[in-house]
Amino acid sequence: LKRKHDDVKEDEEELLTVAKPDSYNSIVNINDSYTGRPDPPLLPLTYLYRGIFIQLVLVIPVGLWWLSGIKPVLLSLGQGESLSEMTEEYLKILTPGLWSYSVNMTLTTLLQTIE
């Protein structure tokens, strides 16, 4: 009975080695040569923080431009005086919403990927 159990164990080990995909060994990572094992996958929070950082890098300058005043640009583009003033006031009120909406969209995208 012991011999039969050992044969089954050897067959299981053989199946495990055969079932390993060949493409796994063909993927070469720079760090593999040092540690002998692949890098761990990035955690979802890493993607979240990276996404928020990129969003804020792109959106903060636009918000600061809105806060500093966009009226001269609108006037140079041929917009009327009163409409330029109203647009400038509206954008100053809208700026915090721009920043929070940017973070919200990044969070929404992450949460949609979670099952």
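What do the buried residues of α6 pack against? In this predicted model, they pack against α4 and α5. Those three helices are a good way into the structure, so let's take them in turn, starting with α4.

Helix α4 covers residues 44–68. With its 25 residues, α4 reaches 36 Å from the first C-alpha to the last, close to the 36 Å expected at 1.5 Å a residue. Don't picture a perfectly straight rod, though: α4 bends by about 30° at Val59, and within four residues of that point comes a proline, Pro61.

Now look at which side chains α4 hides and which it shows. Leu48, Gly51, Ile52, Val59, Gly63 and Trp66 are its buried residues, and α6 (81–113) is part of what covers them. Val59, where the helix bends, is thus one of the buried residues too. Other residues contribute to the surface: Phe53, Ile54, Val57 and Leu58 make a nonpolar patch of about 420 Å². Val57, which sits in α4, has a relative accessibility of 46%, so it counts as partly exposed. When reading spacings like these, keep in mind that an α-helix has 3.6 residues a turn, so residues three or four places apart point the same way.

Just past the end of α4, have a look at Gly69, which takes a positive phi of about 120°. Gly69 is also a handy landmark for what comes later: its C-alpha is separated by 9.3 Å from that of Glu85, although their positions lie 16 residues apart along the chain.

Next comes α5, and here the residue to find is Lys71. Which residue forms a salt bridge with Lys71 with the closest N and O atoms 2.6 Å apart? That's Glu81. Glu81 belongs to α6 and Lys71 to α5 (residues 71–76), so the pair ties together parts that are 10 residues apart in sequence. The two partners sit in contrasting surroundings: Lys71 is buried, at 17% relative accessible area, whereas Glu81 is partly exposed, at 43%.

Lys71 has another partner as well. Glu85 forms a salt bridge with this lysine, and here the closest N and O atoms are 3.2 Å apart. The pair again links distant parts of the chain, with Glu85 in α6 and Lys71 in α5, 14 residues apart. Through these shared partners, Lys71, Glu81 and Glu85 are joined into one salt-bridge network. Is Glu85 buried, exposed or partly exposed? Its relative accessibility is 34%, so it counts as partly exposed. The salt-bridge count comes to two.

That leaves the rest of α6. Its 33 residues should span 48 Å at 1.5 Å a residue, and the end C-alpha atoms are 46 Å apart, which agrees. Like α4, this helix has a bend with a proline after it: α6 bends by about 40° at Leu94, and Pro96 follows within four residues.

The buried residues of α6 are Ser84, Glu88, Leu91, Thr95, Ser102, Thr106 and Leu110. Notice that this list includes serines, threonines and a glutamate along with leucines. And that brings us back to the opening question: these buried residues pack against α4 and α5, while α6 in turn helps cover the buried residues of α4.

Key
Residues are numbered from 1 along each chain as its sequence is written. This is a predicted model: local features need pLDDT of at least 70, side-chain atom pairs count only at pLDDT 80 or more; totals for chains, interfaces and linings use all residues. Side-chain values use heavy atoms; hydrogens and water are left out. Patches are made of residues with over 30% relative accessible area and no salt bridge: like charges are joined within 9 Å, nonpolar side chains (Val, Leu, Ile, Met, Phe, Trp, Tyr) within 5 Å. Accessible areas come from the Shrake-Rupley method with a 1.4 Å probe; for residues, only the protein chains shown count as cover. A salt bridge is a side-chain nitrogen of Lys or Arg within 4 Å of a carboxyl oxygen of Asp or Glu. Helices (H or I, at least four residues) and strands (E, at least two) are DSSP runs, numbered from the N terminus. Buried means under 20% relative accessible area, exposed over 50%, partly exposed in between (1.4 Å probe, protein chains only). The expected span of a helix is 1.5 Å times one less than its number of residues. The bend at a residue is the angle between axes fitted to the seven residues ending there and the seven starting there. Contact means heavy atoms within 4.5 Å.
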